[in-house]
Every structure is written in C-alpha cells, then in structure tokens.
Amino acid sequence: MEIWSGPLPEPDVRTVEDMLMVLMNPRCDATGPLYYMYRDLALSDDDRAILRGHQIRYDITMLTPGSVCGEYIKTKGHHHPENEAGVPYPEVYEVLSGRGHFLLQAADLTEVVLHPAVAGDKVLIPPGFGHVTINPGNDPLVMANIVSDTFSSNYAFFEAYRGAAYYETDDGSIQKNPLYTRVADLRVLEAVDHPEIGIIRKQPLYGLIGDKTIADLMNCPERFTEIWDNCLRD
Ligand SMILES: O=P(O)(O)OC[C@H]1O[C@](O)(CO)[C@@H](O)[C@@H]1O
C-alpha cells in the first residue's frame, strides 16, 4: 500500500457474506471482499513500544469503491464498550485518500450525524456513538484510526437492527432504516479540527501516537467532557 511505508500484516477482510445482517437488502446475493483492515501498525519497533505504552492501536482500512445490492460499500458498524470509569471508549479517524462519509449515531438515537471527509480530515467518534464509514466515491477510501487497544468492538446492536439508522444508496440518496422506529433526523456536519488536543488537518494521525493527550483521550474519555460536548455542535 503506497500510503504506508512500514511493515504490513495480512489484513482482516470483510466480505459481503460477513455483512449480510447489516445490509439494506438482507437477501443480497452478491459475493466477495468489500474492505481490508490492517490492524495494529507501527513504522518501527520503537513506535510499537510507544503504542503499547500508551495502550493505543493504529490501523489502516481500505474500502473498495462501488456498491453492493444498491448500497455504497460501508463498514459493518459497531459500538465500543465502557472503560473502568463507565464511559465508552471513543475513537479518531483520518481520511488518507478518497472520500468518506462517517455516520455516527448516539446510543439513545437522539443524534445521528454524517461527516463527509476528504484526505487530511479527522473525525472524532464520541463515547457511546455507534459508527459506520461509507465510501461514496469512485476511488478506494483509505482511512486510519487511533483507538484504545484494550477492548473488542461490539456488533450486536447493528446486527439486530440491520445496520445503522440510515443507509446511503448508490444514487447518492439517504434511506431511513425501517427497523428504527424513533430516531433523530440525519444532520450533515463538516469534520472540524480540535487544536486544543492536537487534532488538526495538517497533522497526520500517525504523528500523534507519542502524544500523551491522545492516549488519555482514547483511554480516559471521562477527562474530556468539553471536547465531547462540543464536537457535534453545528
Ligand atoms: O469493525 P467494523 O465495523 O467492520 O469497522 C472496521 C473498522 O473498525 C476498526 O476496527 C477500528 O475501530 C478498524 O480497524 C476498522 O477500520
């Protein structure tokens, strides 16, 4: 992968078959790989020690362009569990190339936000928000993320509700998921910088792996209430 000059492990691959429970059309008869997840990357042994010390992981994911049974290719979608303080772990994404639509939905469904993002943009996933990334473009979407390395993602809600509250179809329209009886309208929000915690367009996410604030943000989100209160404001 051109974007990453370090060692690359074998990716985890999600196929149409893995995604059937979260597709708009559960009887979709397409097959084949949709996206590739290169997890726990480090450019050097020193960087790996830093990542371990900070209890964070750096991943790169490549979503192929196109659609599957009428829906743009997207990630399966998941929630994160709570940390010891009882606050769900957050996450931060960066678009490395291509275009992404990051759909974030509050656990109580009172907020649903779609962040369109292009190369350099960062997207914060606040504690408790389920999230799906959609590739609405004609090119592969390559994105990176930093997240705590202390938990596994939870897919139960998205599997039970057949995906997120809204689907994006390959004519560019948004369709409400009929299994969600009460849910907020979708708000489209620009992805913005958060200079107070070092999350800015011109700073690649990888450059933050040694930053204690980012490690604290990912593992102790209870210390950053102001960030979470403000990050989804219009
Ligand atoms: O787990 P899902 O919903 O398939 O999403 C995959 C994404 O989530 C991550 O596991 C990070 O939370 C990435 O490795 C990957 O981009």
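In the predicted model, Met 37 has Thr 61 of β3 as its bridge partner. This contact belongs to the pairing of β2 with β3, two strands that run antiparallel and are joined by four bridges. On the side of β1, strand β2 (residues 33–38) takes part in a second antiparallel pairing, in which four bridges connect β2 with strand β1 (residues 12–15). Two of the residue pairs may be named here: Val 13 is matched with Tyr 36 of β2, and Thr 15 is matched with Pro 33 of β2.

These pairings form part of an open sheet of six strands, arranged in the order β1-β2-β3-β11-β6-β9 with antiparallel pairing. The edges of this sheet are occupied by β1 and β9 (122–125); each has a single partner strand, so one side of each is left without a neighbour in the sheet. On average, and with direction ignored, neighbouring strands of the six-stranded sheet are turned by 25° against each other.

Another open sheet is built from four strands in the order β10-β7-β8-β14, and its pairing is mixed. Its edge strands are β10 (130–134) and β14 (186–188), each of which pairs on one side only. In this four-stranded sheet, too, the average turn between neighbouring strands is 25° when direction is ignored. Within the sheet, strand β7 (residues 99–105) and β10 run antiparallel and are joined by five bridges. One of the residue pairs links Gln 105 to Gly 130 of β10.

The surroundings of the ligand involve strands of the six-stranded sheet, whose order includes β3 and β11. A total of 13 residues lie around the ligand, and those that come nearest are Asp 59, Thr 61, Thr 75, Lys 76 and His 78. Thr 61 is thus both among the residues nearest to the ligand and the bridge partner of Met 37. At least two residues of the shell are supplied by each of β3 (56–63) and β11 (141–148). In chemical character, the shell comprises two nonpolar, six polar and five charged residues.

An unreviewed UniProt entry annotates residues 34–178 as "domain: Glucose-6-phosphate isomerase prokaryote". In the model, this span is 10% helix and 42% strand, and the C-alpha atoms at its two ends lie 24 Å apart.

For the chain as a whole, five helices and 14 strands are found. Along the principal axes, the C-alpha atoms fill a box of roughly 45 × 35 × 30 Å. The overall dimensions can also be compared with those expected of a compact globule: for 234 residues, such a globule would have a radius of gyration near 17 Å, and because the chain has 17 Å, the two values agree.

The confidence scores of the prediction were examined last. The average pLDDT of the chain is 97, and 100% of the residues score at least 70. The scores for the model are 0.97 for ipTM and 0.97 for pTM.

Terms used. Residues numbered from 1 in each chain as written. Predicted model: local features only at pLDDT ≥ 70, side-chain atom pairs only at ≥ 80, totals over all residues. Near = placed C-beta within 6 Å. Nonpolar A, V, L, I, M, F, W, Y, C, P; charged D, E, K, R; others polar. UniProt positions renumbered as here; feature names shortened; annotations may be inferred. Pairing = 2+ DSSP bridges. Axes fitted to C-alpha atoms, helices over the stretch in contact; angles between N-to-C directions. pLDDT = per-residue confidence, 0-100. Rg over C-alpha atoms; globule rule 2.2 N^0.38 Å.
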